Amino acid sequence: MTVAGVDSSSILSGRRVVLGVTGGIAAYKAVELCRLLVDAGARVAPVMTEDATRFVGEVTFSALASEPVRRSLWEGPDPIPHTRLGQGADVVVVAPATARFVGAYAHGISDDLLTATVLATRAPVVVCPAMHTEMWEHPAVQDNLDVLRRRGVVVVPPGEGRLAGGDVGAGRLAEPADILAAVARVLGPADLAGVRVVVSAGGTREPIDAVRFITNRSSGKQGHAVAEAAARRGAEVVLVTTTALAAPASATVVRVDSAAEMERAVLEQAGSADVVVMAAAVADFRPKAPAAGKLSKSDGIPDVVLEPTPDILAELGRLRRPGQLLVGFAAETADVVGRARAKLVSKGVDLVVANDVGAPGTGFDHDTNAVTILGADGSVRDVGLRSKDAVADAVLDSVVACLAARPQPPADAGATRRNQ
Ligand code: PMT
């Protein structure tokens with residue numbers, strides 16, 4: 001498995017992973033995750049809650065992992081096992097994470113070894129929730145996860161499928177291979193350190209009157225995933241977004257609504273950007289003369305005249321400063337790659353991410369996506385159906401490759417000039 005252009009085994013090899021397992025039926029899948037981590041060369045220290053041991057015996061983990069299972073703050077001679085675990089970890093991954101664990105972690109409650117360990121670590125933490133659909137959708141759980149995301153915790157969302165008791169729905173633990181990829185991404189190279197990246201996300205809203213607007217189905221998930229991945233890979237990120245989704249803790253966030261607002265914000269930020277990624281679904285048309293107040297139904301159906309919005313990406317192509325890299329997305333339902341290639345040329349960009357928004361599980365509002373990345377250099381890279389986080393990393397892999405292929409200024413050009 002490749003992450004950020006690097007084999008996940010070479011990322012995980014020798015890294016110390018604290019694997020937290022909490023009490024849910026999906027604890028059996030954590031066994032497979034443990035094996036995958038060990039196979040990838042990681043040193044795995046399992047920590048089980050008391051409830052987790054009701055689902056899977058600790059011997060199973062102890063046999064597979066690099067260290068015996070730890071369960072309690074009070075066993076063994078070490079008086080501070082949580083700080084030793086936390087300080088020694090390169091990453092902590094909690095799979096499955098129950099609603100109780102998520103709530104305790106979000107509120108800083110350390111009432112067992114695992115919750116104490118995640119509070120005692122400065123290492124990145126990956127939380128993989130799994131629970132029944134009603135619990136997963138409960139605002140308390142979602143609010144707690146938002147708190148964790150804002151603090152920089154990586155949340156690997158559950159998928160849909162069969163749950164305990166035969167129910168079917170959202171809340172099923174992500175597949176172990178996907179969790180392994182997420183852990184490898186977290187530990188991956190900081191190959192965008194020192195690079196300033198502007199990302200746009202979400203669908204714009206074009207007012208018809210004071211209460212109505214024209215918009216599209218973009219949730220902002222793909223753009224936010226690009227921003228998240230860029231920040232994790234060391235970039236200085238500016239995120240221009242129409243949504244209230246959680247943003248990377250280190251990013252500068254500019255919230256906008258309409259295409260006009262997005263144009264202003266993106267052009268202002270792009271002046272000093274090395275890379276601009278336009279993942280936003282910018283409206284192509286807007287009402288020419290939006291009414292200041294609310295149009296009344298009693299006045300009949302309004303005659304809404306539309307006008308084109310500014311094409312921000314094409315504008316960026318015209319204004320681009322030397323060395324700046326421009327990435328567009330192309331949302332299409334037919335002749336996807338052909339139309340995306342035409343946009344690559346017409347908008348004058350370096351990369352276009354062709355997004356078939358009509359295929360199952362891809363495009364608007366899904367947690368997954370499948371794309372083809374087209375380069376102005378003729379390169380073509382197919383990225384099959386996977387999480388939007390993984391697609392974001394694939395896009396950034398192409399960005400890193402393009403930046404590396406750019407002619408570099410002579411290493412000591414300044415010194416040469418000074419010595420003349
Ligand atoms: O947000 P999600 O729910 O996660 O869904 C993801 C996505 C489908 C929105 C995203 O992956 C995507 O495809 N974004 C681009 C959508 C789009 O507007 O495509 P387009 O083919 O209409 O535009 C091509 C490019 O020009 C895009 O980079 C767009 O940002 C840019 N554009 C378009 C119109 C305009 N007036 N100004 C622009 O800059």
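The following exercises, each with a worked solution, concern helix packing, sheet order and overall dimensions in a predicted model.

**Exercise 1. Overall dimensions**

Determine how many helices and strands the protein chain has, and assess its radius of gyration against the globule rule.

Solution. The secondary structure of the protein chain comprises 16 helices and 21 strands. Its radius of gyration is 24 Å, and the globule rule gives 22 Å for 420 residues. These values are close, so the chain is as compact as a globular protein of that length. Along the principal axes, the C-alpha atoms fill a box of roughly 75 × 70 × 35 Å.

**Exercise 2. The open sheet**

Establish the strand order of the open sheet of 5 strands and identify the strands at its edges.

Solution. The order is 4-3-5-6-7, and the pairing is parallel. Strand 4 (43-48) and strand 7 (154-155) each have a single partner strand, so one side of each is left without a neighbour in the sheet. At one of these edges, strand 7 pairs with strand 6 (residues 125-129) in the parallel sense over 2 bridges. Here Val126 stands opposite Val154 of strand 7. A helix also packs on the sheet: helix 5 (residues 81-88) lies across strand 3 (16-21) and strand 4, at about 130 degrees to strand 3.

**Exercise 3. Helix 12 and helix 13**

Classify the relative orientation of helix 12 and helix 13, and describe the residues of their contact.

Solution. Two packed helices are described by the angle and the distance between their axes. For helix 12 (residues 259-270) and helix 13 (residues 312-319), the axes come within 10 Å and cross at roughly 25 degrees. Angles under 35 degrees count as roughly parallel, and helix 12 is therefore roughly parallel to helix 13. Their crossing is right-handed. Helix 12 contributes Ala259, Met262, Glu263, Val266, Leu267 and Ala270 to the contact, while helix 13 contributes Ile312, Glu315, Leu316 and Leu319. By class, the residues of this contact are 8 nonpolar, no polar and 2 charged.

**Exercise 4. Helix 2 and helix 10**

Carry out the corresponding analysis for helix 2 and helix 10.

Solution. The axes of helix 2 (residues 27-39) and helix 10 (residues 176-187) come within 9 Å, crossing at roughly 45 degrees. This angle makes helix 2 oblique to helix 10. The crossing is right-handed. On the helix 2 side, the contact involves Lys29, Glu32, Leu33, Leu36 and Leu37; these meet Pro176, Ala177, Ile179, Leu180 and Val183 in helix 10. The contact of helix 2 with helix 10 divides into 8 nonpolar, no polar and 2 charged residues.

Methods
Residues are numbered from 1 along each chain as its sequence is written. This is a predicted model: local features need pLDDT of at least 70, side-chain atom pairs count only at pLDDT 80 or more; totals for chains, interfaces and linings use all residues. Side-chain values use heavy atoms; hydrogens and water are left out. Axes are lines fitted to C-alpha atoms, for helices over the stretch in contact, and angles run from 0 to 180 degrees between N-to-C directions. Helices (H or I, at least four residues) and strands (E, at least two) are DSSP runs, numbered from the N terminus. Angles under 35 degrees count as roughly parallel, over 145 as roughly antiparallel, 65 to 115 as roughly perpendicular and the rest as oblique. A crossing is left-handed if the near helix is turned anticlockwise from the far one by less than a right angle, and right-handed if clockwise. Contact means heavy atoms within 4.5 Å. Ala, Val, Leu, Ile, Met, Phe, Trp, Tyr, Cys and Pro count as nonpolar, Asp, Glu, Lys and Arg as charged, and the others, Gly among them, as polar. Two strands pair if DSSP finds at least two bridges between them. The radius of gyration is taken over C-alpha atoms; the globule rule is 2.2 Å times the number of residues to the power 0.38.
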